[in-house]
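Colleague: Could you walk me through this one slowly? I'd like to go strand by strand and then look at the surface.

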Amino acid sequence: GALEFARYLQSKGVLPALAHTDAIYDEVLAGFNNGYTLATHLYSGMSGVTRRNAYRYAGVVESAFLIDGMDVEIIADGAHLPAPLLQLIVKIKGTDRIALITDAMRAAGTDVQASVLGNIHTGLPVIVEDGVAKLPDRNSFAGSVATTDRLVRTMVDLGGVSIAAAVKMITATPARIMGVQDKIGELVVGKSGDLVIFDDRINIATTIIKGRVVYQHFETIG
């Protein structure tokens with residue numbers, strides 16, 4: 001029912017996405033042709049090359065690379081994906097097809113060492129260390145504690161892209177993927193006056209929303 005579900009979502013103006021799945025290329029291609037044009041959390045909880053009865057099949061990761069029109073999201077916190085994979089994704093997909101996402105849970109922006117993933121009362125307990133949220137047994141990540149400035153900084157430092165390219169992957173590209181590029185995503189007449197001013201280390205100095213200054217920190221730039 002996944003293909004029918006995708007078509008239904010599209011009829012309601014909702015973007016379906018491939019997420020944590022063991023699909024192989026033929027299944028991914030069918031999904032793409034029926035509306036699954038976005039791959040969530042590339043490399044996280046999805047198949048790579050798969051072997052079945054001695055034969056190898058391309059998994060979701062390879063399919064996302066091979067299908068030119070498929071957009072991908074990456075958790076660019078420097079923990080979920082190491083530098084070589086960040087660079088590989090950029091090399092293959094390019095900044096026009098990559099959206100940077102935090103996948104952040106409630107511990108983001110705090111200094112806590114323990115938190116809860118999901119419902120505050122019934123969710124999974126997690127620990128926060130090494131700049132990322134983990135399950136208590138440290139066998140898996142449990143979301144992220146990254147903020148968007150960290151994503152831009154990581155892509156510059158580890159992904160090897162320019163600041164302009166990194167900013168594009170967190171502004172214009174996701175706006176286009178979400179279908180709201182006529183309202184947000186770039187500084188042009190007629191679009192929302194949302195602006196973040198930062199230095200060359202992505203330290204935030206000023207935040208402006210709809211033309212109104214909502215945050216200022218004068219010590220970061222100088």
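**Strands, hairpins and a surface patch**

Modeller: Let me begin with one facing pair, where valine 116 stands opposite proline 125 in E8. Please keep in mind throughout that this is a predicted model.

Colleague: How many bridges join E7 to E8, and which way do they run?

Modeller: There are 4 bridges joining E7 to E8, and the two strands run antiparallel. They form a hairpin with 6 residues between the strands, in which glycine 118 takes a positive phi near 95°.

Colleague: And what about E8 and E9?

Modeller: Strand E8, which covers residues 124-129, pairs with E9 in the antiparallel sense over 3 bridges, and one facing pair there is valine 128 with its bridge partner alanine 133 in E9. These two strands also form a hairpin, with 2 residues between them, and aspartate 130 in that turn has a positive phi of about 55°.

Colleague: What is the strand order in that open sheet?

Modeller: The open sheet has 3 strands in the order E7-E8-E9, with antiparallel pairing. Its edge strands are E7 (114-117) and E9 (132-134), each of which pairs on one side only. On average, neighbouring strands of this sheet are turned by 40° against each other, with direction ignored.

Colleague: Switching to E5: how many of its residues are buried?

Modeller: Strand E5, residues 71-75, is mostly covered, with 5 of its 5 residues buried. Asp71, Glu73 and Ile75 point one way from E5, while Val72 and Ile74 point the other way, and all of them are buried.

Colleague: Which strands does E5 pair with?

Modeller: Strand E2 (residues 38-39) pairs with E5 in the parallel sense over 2 bridges, and alanine 39 stands opposite valine 72 there. E5 also pairs in the parallel sense with strand E6 (residues 98-101), over 4 bridges, and the bridge partner of isoleucine 75 in E6 is isoleucine 101. Between these strands the chain crosses from E5 through helix H4 (residues 83-93) to E6, in a β-α-β crossover that is right-handed.

Colleague: Now the surface: which residues make the nonpolar patch?

Modeller: Ile209, Val214 and Tyr215 make a nonpolar surface patch of about 250 Å². Isoleucine 209 lies in strand E11, which covers residues 204-209.

Colleague: Why does isoleucine 209 count as partly exposed?

Modeller: Isoleucine 209 has a relative accessible area of 43%, and it is called partly exposed because that term covers values between the buried cut-off of under 20% and the exposed cut-off of over 50%.

Terms used: Residues numbered from 1 in each chain as written. Predicted model: local features only at pLDDT ≥ 70, side-chain atom pairs only at ≥ 80, totals over all residues. Heavy atoms only, no water. Patch = residues over 30% accessible without salt bridge, like charges linked within 9 Å, V, L, I, M, F, W, Y side chains within 5 Å. Areas by Shrake-Rupley, 256 points an atom, 1.4 Å probe, with all protein chains shown as cover. Salt bridge = Lys/Arg side-chain N within 4 Å of Asp/Glu carboxyl O. Buried < 20%, exposed > 50% of the residue type's maximum accessible area, 1.4 Å probe, protein only. Pairing = 2+ DSSP bridges. Axes fitted to C-alpha atoms, helices over the stretch in contact; angles between N-to-C directions. Right-handed = clockwise from strand over helix to strand, strands pointing away.
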